[in-house]
Amino acid sequence: MATQSQGHYFVPNPSLYPFILSAGLLVMAAGFIFSVNESVPGHSAGSWMMLGGLGVILAMIFLWLGKVIAESQGGHYKTWEDKSFRWGMMAFIASEVAFFAAFFGALFYMRVISVPELAGFDPEFTPYKDFLGAWPSAGPGGVVLGTEYTTAQFTPMGAWGIPAINTLILLTSGATVTWAHWGLLKNKRSQLVMGLFLTVVLGLLFIALQAYEYHHAYNELGLTLQAGAYGSTFFMLTGFHGFHVTLGTIMLIVILLRSMKGHFSPEHHFGFEGVAWYWHFVDVVWLGLFVFVYWL
Amino acid sequence: MSYTTTAHHDAHEDHPSGIMRWLTTTNHKDIGTMYLIFALIMFMVGGSMIMLVRAELFQPGMQLVQPEFFNQLIGVHALIMIFMALMPAATGFANWMLPLQIGAPDMALPRLNNWGFWLLPPAAILLTLPYILALFGIGDGAIATGWTFYAPLSVQGGIGVDFAIFAVHLLGISSVMGSINVIVTIFNMRAPGMTLMKMPMFAWGWLITAFLLIATIPVLAGAVTMLLTDRHFGTHFFDAAGGGDPIMFQHLFWFFGHPEVYILLLPVWGFMPQILQTFARKPMYGYKVQVYSLWAIGALSVVVWAHHFFTVGMPVPALLYFMYSTMAISIPLAVLFYCWIATIWRGSMSFETPMLFAVGWIILFGIGGLTGLVLADVAADAQYHHTYFVVAHFHYTLFAGGIMGIMAGVYYWLPKMTGHMYNEKLGKLHFWLTAISFNLTFIPQFFLGLAGMPRRIPDYALQFSEFNMISSIAAFVLGAAQLLFVYNIISCARGGKKATDQVWEGAQGLEWTLPSPPPYHSFTEQPVVK
């Protein structure tokens, strides 16, 4: 809490990055819309627009964060600025929690309310006579907006194969990143680099196993994104989580490289801690996924 | 409370000139100004759209527009007014006034702040682009589902829905970034000695708003993402054949949508007591109890969402729960009303334009609150749901409670921001025209709703003709009156009587210790609050 004067607060110089980043988002969004609407003229140009927008976004993120690192190395960030980043990161992670809560909410709603209800109508009147409503479910089938939807036949993903291994991997990676943090606090640089390296390897391993699991689901289990309530929630939840793990791994690689260049000090290393918090966050989300999507 | 300020200010303004100043700025005042100007422009755009709607509803039968275009107009009007007029206006005030009120050198994360603003114009482009594309034969215009995106209509809708989904995504990122900035600024940038319970009420209002945004905007983002995948990638979130449920969309949407009402109103509830105490020349009544009430309303707002769709078919216990929890909000809200009235009670009041808007706001927003209590009643709601009664109710809360509150804020702080006094006569004329024509627009709509006129329909039965005609004429006056507002702001920015530092005789708070207009960088040395 700001109880005493803390000197001069660093206000960054004017910057064009945010504006260009927004422009890139606009181009990518418009390109995406054109690319998914086949009836629209300009449909074929959509994917290229999308890629162009994405390129601008990536370039801007690279430059922007590069600038932040340069400012940090230039000694512009003191305790006061550091506190701002900490509060900011916590608020950002809170918003991410809310985003995942929406998809977990959809999972619970379908499983507890909508699927049993579809099976529970008056037998005299229901169009879903043979539907039992047991979870996992791909729904009773029927006509969807004019096209016939036949209930997908699939085998649900078991919890005690790859998902259990992935749980171990992520929990271990949480330990290795903490070990790296201890190394940083005790100024043991080799422990820091080694810990981060192990964390990155575990992250990459997780992503690879998840990719294999998707391949297995699509080719052998008949479990696809189109497979009704279970398929939709399974792939959207694990997909968004996998996307976040990928982002987290990229962030880990960045701080690994920075550690190897000698950045961060035992007193001053928000960049490291922000990434570590984010990594613990994707870890916790995974535990929710393991329990509610795979296991129960 | 007393302050000691060091009279040291940077004389130089180190920023690029011309357009580059505005594209690149990291200064909270510049960004606040951009937010406010953007909000004003979009307010006029959204207002023009509804003028066309009222023109169509002037008489029964179809005169001016096609029903499809009518549907597009009402939905885009709502999205613009909520996300691009009211919210940016509140964020603009937060940017301008929070650092000044709590004695901070700037917002805590200035570059992020700039990004928060520059996400808005692309969102506005995305939302309105389908209108222009339709002129060239691409797609069938903007989103035509109303602002609520209800499935399955939105799953079937045209390309406009996709554009609106991504507009909402950009607006959502903007709001989350803005909220992060507000939270960090309030927790980390307060002047030494300014404890939380010494903060100006505006900071409290915005802090709770920011928490609500962080908690609910991502849920909206999730909901529209599910909608997008249902539309294009074959998921079955909102489709019974796959085990989903269109009603789930309503739950997800209103889990965001109800707190959104308080997101729009809490910043106003924050600065309004400050305006009231200024012009009543006595301290605000019940500071602590107001803070607790704001928290209570913020907390309750996330657990009452299903009262927006009582008629959809819910189990009776759910109906009862959502009815009683909704009605419970009226208790802390009534406490706030009591405090506002007690603040001006026996004060030595003067009625400059901000005070006129503030007092008018108490009365009109009161009507909005009371009619909300009627709608919260499950049994009564079955009659009123989806009628013009609802339309009139939420315009009393969001136009009177939101926009008129913002107008009070604009007149209150404009002299501080520009360094000039606005035209008081014109301001008063603006208030009276707005207040009278607003009531004449929406009181008839209460009666229309009670008589059963459904909302969102471009045609109506003959017995509704007179009230609709009155409503339309008053709406045109209301629209035209806002041109005075724009004119007054522009002429105030360009010149006029010099404003003093204090501006208003009874004004309290750190922002009034600075010159009018404040220097480009203020409080580089933090003041000490005792």
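Student: What covers the buried residues of α16(B)?
Tutor: The cover includes α2 (28-56), α14 (388-418) and α15 (424-450) of chain B. This is a predicted model, where local features need pLDDT of at least 70, side-chain atom pairs count only at pLDDT 80 or more, and totals for chains, interfaces and linings use all residues. Residues are numbered from 1 along each chain as its sequence is written, while chains are lettered from A and ligands numbered from 1 in the order in which they are written.

Student: What makes a residue such as Phe485(B) count as buried?
Tutor: Buried means that 20 or more other C-beta atoms lie within 10 Å of its own (exposed is 12 or fewer, partly exposed in between; C-beta atoms are placed from the backbone). Phe485(B) meets that, and so do Asn468(B), Leu478(B) and Cys492(B), among others in α16(B).

Student: Why is α16(B) called a helix, and how do you know that its length fits?
Tutor: Helices are DSSP runs of H or I with at least four residues (strands: E, at least two), numbered from the N terminus. Helix α16 of chain B has 30 residues, 465-494. The expected span is 1.5 Å times one less than the number of residues, so α16(B) should span 44 Å; its end C-alpha atoms are 44 Å apart, which agrees.

Student: What follows α16(B)?
Tutor: Gly496(B), with a positive phi near 130°.

Student: And chain A: what makes up its secondary structure?
Tutor: You get 7 helices and 2 strands, in the order α-α-α-β-β-α-α-α-α. Of its 296 residues, 36% are buried.

Note on methods:
Contact = placed C-beta atoms within 7 Å.
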